[in-house]
Amino acid sequence: MNELVPGGNLPLPGGALTLRVPGPFDMSALITDESGKVGGDADFVFYNQPRAPGARLRDGTLAIDPARLRTGAARVTVVISPAEPGTPLGRLPGPTLHVTDTGGRPLTRFTPPRPRRETVLLLAELYRRGTGWKLRALGQGYADGLAGIARDFGVDIAEDATPAAARGAGARAGGAGAGGAGAATPRPTRGASPATAPTNHTDPTGFLALANSARAGSGSPPVSLDPRLTAAAQAHASAMAAAGHLSAESRDGTSVYQRVIHAGYAYLTVGEHLVSGLRTPAEFVDYCLRTERARRTLLERVFTHAGLAQAVDRRSGDIYWTGLWARPLTAGNLARTADRVVESTNAERARAGLRALAVDPLLAAAAQAHSTDMVARAFYSHTSPDGSQPWDRAAAAGARRRTIGENIACGQRTPAEVVEGWMNSPGHRANILKPDFTHIGIGFAGGGQMGTYWTQLFGA
């Protein structure tokens, strides 16, 4: 078996490969073309988005089949980060990449120089040469985490040209969060609650009729226009037009999700379309229906309300659109969401032959408080700004458990998505499948930079 050094290359045999890095690490992969940029957010494979054509991440192992990668793919960059978000890699055991062929036979191994303060490492890349593929050892460290890597590779600026000359950020509902923890309830906001706000508003543009016609054709219930979503969409479209580019976050750091909360709409789930270059609501709906991720958002059954707005960049004449889709947060559907997270978690434990976790209201209160705090104080960590840790928060809520564990995550739209993401991350999977744990509490909140925040707090 070959032992690679930084910069070393190895011709690869045909067929699928398996790559793994034992230890407390999360693996990711970025699929790029010759320019080194992704073709869209779907080219970022990580524990919250574990599949792409020719690539699959499961149980901490990355399977790559170069022949099945999307058209135009010329490189796959393999990335590792700590399973505990924000931990410098220098505090962890040295990572070693193990590569095996389709029959499980070892092909090569690569141990990079020991990282220090870096929080993410470009470990290796598979790249096309003629009709074959090679593996190159890298070992390049970054200090700004997966979000910075994603931006460098173009994940946040993917555009989709259409025959109508539209440029679209696509449907970013739920987003692809790079963290590993989090959930909370939204802060109190100005305005009526979503459950009582009027939603029967005129639709002079015809957008609602077009959208609901498409939803009816797919078996989804109709949505209603909500003035708060429309106001939030208008504020965000105007901010994009002023900046002259598509983004889920404005120059001042305000995210489209925060605009929804600030407009007075507390949501259980939210989706958005950020698009430029379209001229009419009809073109907007047509674009969404012809673009896979955008189509999924427009037709998503859980949404009950919508808002659409546009603004013109007076320097270029480009029209920037923001479409928002949401379901309101109520005590009932928040409780059902927490129940589904528990059910999915216990289903994973049952498959591993472990007993089910019981819900502890005190752990649930601590999880909810932490998630609410993350949204309110704009941080994302197991450690609060005041230095408190999960066990501190559990004790403050009155829980008297001997052992405490916590999983947090952000950006996922559904309980199934968030549990799948945790199960694809070794550190979070270990918490879910820890035999000693007997109880659990769930927290959820909408808002912040990533839109949705989830927390699991375990106790024994």
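**Helices and sheets in the predicted model**

His-428 is found in helix H11, which spans residues 426-432. Its relative accessible area is 3%, so His-428 is buried. Gln-456 lies 28 residues from His-428 in sequence. In space, the C-alpha atoms of His-428 and Gln-456 are 9.7 Å apart.

The model is predicted. The protein has 460 residues, and 55% of them count as buried. It contains 11 helices and 22 strands. Contacts with a separation of 6 or more were examined by distance along the chain; residues 24 or more positions apart account for 73% of them.

Confidence varies along the chain. The mean pLDDT is 83, and 87% of the residues reach 70 or more. Among the elements, strand E19 (residues 358-359) has the highest mean pLDDT, 96. Strand E14 (residues 167-171) has the lowest, 36. The pLDDT is below 50 over residues 156-200. Beyond near neighbours in sequence, this stretch nevertheless has 163 contacts in the model.

One open sheet has 7 strands, in the order E1-E11-E10-E3-E8-E7-E6. Its pairing is mixed. Strand E1 (2-4) and strand E6 (51-52) stand at the edges. Each has a single partner strand, so one side of each is left without a neighbour in the sheet.

Within this sheet, strand E10 (residues 97-100) pairs with strand E3 (residues 17-20) in the antiparallel sense, over 3 bridges. Thr-18 has Thr-100 of E10 as its bridge partner. E10 also pairs with strand E11 (residues 106-110), again in the antiparallel sense, over 4 bridges. Here the bridge partner of Leu-97 is Phe-110 of E11. E10 and E11 form a hairpin with 5 residues between the strands. In this hairpin, Gly-104 takes a positive phi near 85°. Strand E7 (residues 55-58) and strand E8 (residues 61-64) are likewise antiparallel, with 4 bridges between them. Ala-55 has Ile-64 of E8 as its bridge partner.

A second open sheet has 4 strands, ordered E19-E21-E22-E20. Pairing in this sheet is mixed. E19 and strand E20 (404-410) are the edge strands. Each is joined to a single partner strand, so one side of each has no neighbour in the sheet. E19 pairs with strand E21 (residues 439-447) in the parallel sense, over 2 bridges. The bridge partner of Ala-358 is His-439 in E21.

Helices lie across the strands of the 4-stranded sheet. Helix H8 (residues 361-377) lies across E19, E20, E21 and strand E22 (451-459). H8 runs at about 25° to E21. Helix H10 lies across E20 and E22, and runs at about 60° to E22.

The loop between H8 and helix H9 (390-396) holds Ala-378. The phi of Ala-378 is near 55°, a positive value in a residue other than glycine. Ala-378 counts as exposed because its relative accessibility is 63%, over the 50% cut-off.

H10 also contacts helix H7. The axes of H7 (residues 331-351) and H10 (residues 415-423) come within 9 Å and cross at roughly 40°. The crossing is right-handed. H7 contributes Thr-337, Arg-340, Val-341, Ser-344, Thr-345 and Glu-348 to the contact. H10 contributes Pro-415, Val-418, Val-419, Trp-422 and Met-423. By class, the contact of H7 with H10 has 6 nonpolar, 3 polar and 2 charged residues.

Ser-344 of H7 illustrates this contact at the level of single residues. Ser-344 and Val-418 are 74 residues apart along the chain. Their C-alpha atoms are separated by 9.6 Å. Ser-344 has 24% relative accessibility and therefore counts as partly exposed.

Technical notes:
Residues numbered from 1 in each chain as written. Predicted model: local features only at pLDDT ≥ 70, side-chain atom pairs only at ≥ 80, totals over all residues. Heavy atoms only, no water. Axes fitted to C-alpha atoms, helices over the stretch in contact; angles between N-to-C directions. Left-handed = near helix turned anticlockwise from the far one by under 90°. Contact = heavy atoms within 4.5 Å. Nonpolar A, V, L, I, M, F, W, Y, C, P; charged D, E, K, R; others polar. pLDDT = per-residue confidence, 0-100. Pairing = 2+ DSSP bridges. Buried < 20%, exposed > 50% of the residue type's maximum accessible area, 1.4 Å probe, protein only.
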